[in-house]
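Please take me through this model in a viewer, telling me what to select at each stop and what is to be found there.

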Amino acid sequence: MTAVSPDAGRVWTAARGPVLIGVIILFAAVVITLLRGGGEGGSLDPRSYLPEGSHAVAALLERNGVHVEPTDDVSSVEGATLFVTHPTLIDPKRLADLSRRAAATVLLAPPTGKSRLKVETRQPECPLAAKAGQATAGGFVYDGEQRCYDSTLVRTGTVTTIGFSSIFTNRDLDEEGNAALALAVLGQHDRLIWYMPSAADRSQQKSFTDLIPDGWKFGAWQLGIAAVVIALWRARRLGRVVTEPLPVVVRAAETVEGRARLYRRSHASEHAASVLRQAARDRLAPLLGLPVGEDPSAEIARRTSRSAADVRTLLYDDDMPVDDRGLVALADELDALENEVRKG
Amino acid sequence: MALTGRAGLLALIGVLVVGLLLPSWQGILLMLAVLAICVAVDLVLAAGVRRLTFVRAGASSVRTGELCTVQLTVRNPGRRLRGVLRDAWAPSAGVVSDRVAVDVPAGGSRTLSFELRPVRRGDRVSDRVTVRSVGPLGIAARQGSHVVPWTVRALPPFHSRRHLPPLLERLRELDGRRASLIRGAGTEFDSLRAYVIGDDVRSIDWRASARSSDVVVRTWRPERDRQVTIVLDTARTAAGRVQGALGGLPRLDTSMDAALLLSALASHARDQVDFLAFSHKVRASVPRATLPVLVQAMAPLEAELVEFDARGAVAEVLRRAGRRSLVVLLTSLEPSIEHGLLPVLPLLAARHRLLIASVSDPALHAMAAGRGDLESVYAAAAAERTLAERRRLTALLARHGVDVVDALPDELPRALADRYLSLKAAGKL
């Protein structure tokens, strides 16, 4: 006989490949996360010390008496300068509303520019940035009332649009007149709201259904109708289910099994022992050529090595108390005796 | 009415139309309208189901487990009918395939064949005939059912018929024993023939030898034209299932098999067989039974959950069997025999010879041999007690002059037939 259920060794042999791959993936993920972690804050974050961060500008502004409030969710902008690092991430209507309410607005590189210029050292050529002098400028070129640095920095009313971010980064702040330009642009009022909108900005979230094209939406409705039609097709039976009265299934041995359970529950070991002895006597008598009911002990003793008294005790002593364990042993002893007689 | 797969397909095409061309509620309504119109057209143009007429023919009885064919003729008075037809039967009728594609021309008719392989004995009735008539577009169908009654009687399988040839051989031997060892009472004088070496010298007919030039022996043949009354117990104990080579069958089915083998043998031996099935009243009765009549009578019998009325059965046997006969009672050796049958046994034994055939349960013997743990030993004790009870009953019945054949289900038919032959050989019928 061969066992078909796999043992531990075979399970390991089969599973070690996938397990190994899983461990490698997990290990790589942990290492990568550890290596990349720690660098807090992204580019143009006033709390970030990284080359792309803007802590230096924020510190300069604070020293000059401008209170910097970094945020990703604007509430009150009245009397403050609003600096939007990623205008594209905000709903245009909302941006217009915010800039109307703010005392001054600075938008960084909105994609409304006509063309792009290389980022390099440029002359201001306008009164707005005359104090700052040369700066690392470039990027988008915009239209506006006042134009500086080859139209990469323009101002219309209170709204200043800058095509380049170099003057705000830790890396480039100390180049040319960058720091002075940044202070001039951002330090117009005592309060600066440094708005870094994220993609998950709640104010500009649309519901999932708004984003789905109509074709998909109505297609899904039609798909639902198709599902109903297919369900109707499959659900219709070709005629009714045919029932049939079946005869009762009663196993003939059920009553005997019931009696066995009763014996067991009431621990009727002595009764069971006497039944087994009687059955053994009934089987032994014909084997020995004796009429049923006659004591076979003497005849058994003559044929086997057992003594007549022992055999009689085994076959007849119903008075001796028998417990459950004794009953199992008695059954085996009776079998052994019967086998001896059959052989002898 | 019923839709088809094409309706679903049309609705799925609608998904493309709505999604790509008309992404609006109007588009969905349009597709619904197209679907509804197609369905309506199909329903109007499909052939009517109500006016179809059906006629059945074919097998009305078959041995359980064997294949038979039932024909169904569809007559279509209306438009051309295309679609599917299902001839529903009860599950145990064992229809191989109950649905077929039909295509009946207008005013024409088609005959369809359905194969049945009944898995259970008894009358297997057909249920409804359902027709789904598909319209010309194949999108919707009309559906309706008709009642076309037909019954296939699944006869007892008579598995033990394979034992018949060797038994008949023995019967012929019995016949051909002629100058036989047994010349007891009841064997009948057959003929005289010339002595051949090996014949018993005691059977030489000296008077006939004197008249002829050869030595002549008398030949004998087994008694003929005896009556065998088979009484089948269809009461409570016959319902119990006993595991045999063919799976768990009720005792009743094994008893029937034994009864069939015995009656086949007895009718070959030119004995007259009367059959009686009895529970608390007469369930079936076949006087002068032949095998085909007998299987027809047995087929619908089922065990009933009532007590066997031994007094009533004995009265019935006494009423029918005018002359001395062998009464074979197919029942189960249970303690209830003691209260039921024993008191009325003398009545029967006075006029007839009684043979009781009982199906014993192999599970009982398996349980009695159980050893090792407590549960098995208690089961063994319970089984031994039942077996001891059966032995006591057998002894008790033997004291009343009753023969008992107690055998496992696979062996009972053969054992009963053997006992009958030995009784016949001994001229004890």
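Select Trp25(B) to begin: in this predicted model the residue has a relative accessibility of 47%, and because buried means under 20% and exposed over 50%, Trp25(B) counts as partly exposed. Add Trp221(A) to the selection, and you have a ring pair that crosses between chains, running from helix 6 (residues 214-235) of chain A to helix 2 (residues 25-45) of chain B, where Trp25(B) lies. The two ring centres are 5.3 Å apart and the planes stand at 55°, so this pair is tilted.

Next, select Phe83(A) and Trp194(A), whose ring centres lie 4.9 Å apart with the planes at 80°, so that the pair is edge-to-face. Phe83(A) belongs to strand 2 (residues 81-84) and Trp194(A) to strand 9 (residues 191-195), both of chain A, and the pair therefore ties together parts that are 111 residues apart in sequence. Phe83(A) is buried, at a relative accessible area of 0%, and Trp194(A) likewise counts as buried at 0%. Bring in Phe168(A) as well, since ring pairs link Phe83(A), Phe168(A) and Trp194(A) into a cluster.

While still in chain A, display Arg281(A), whose charged end sits over the ring of Tyr316(A) at 4.4 Å from the ring centre.

Finally, move to Phe275(B), which is among the residues with the most contacts inside the largest nonpolar core, a set of 52 residues. Helix 5 (residues 251-268) of chain B gives the most to this core, contributing 10 residues. Beyond its neighbours within four places in sequence, Phe275(B) is in contact with residues including Ile230(B), Leu232(B), Met298(B) and Leu301(B).

How values were computed:
Residues numbered from 1 in each chain as written. Chains lettered and ligands numbered in written order. Predicted model: local features only at pLDDT ≥ 70, side-chain atom pairs only at ≥ 80, totals over all residues. Heavy atoms only, no water. Core = buried A, V, L, I, M, F, W, Y, C linked by side-chain atoms within 4.5 Å. Buried < 20%, exposed > 50% of the residue type's maximum accessible area, 1.4 Å probe, protein only. Helix = DSSP H or I, 4+ residues; strand = E, 2+ residues; numbered from the N terminus. Contact = heavy atoms within 4.5 Å. Phe/Tyr/Trp six-rings, centres within 6.5 Å; stacked < 30°, edge-to-face > 60°. Lys NZ or Arg CZ within 6 Å of the ring centre and 35° of its normal.
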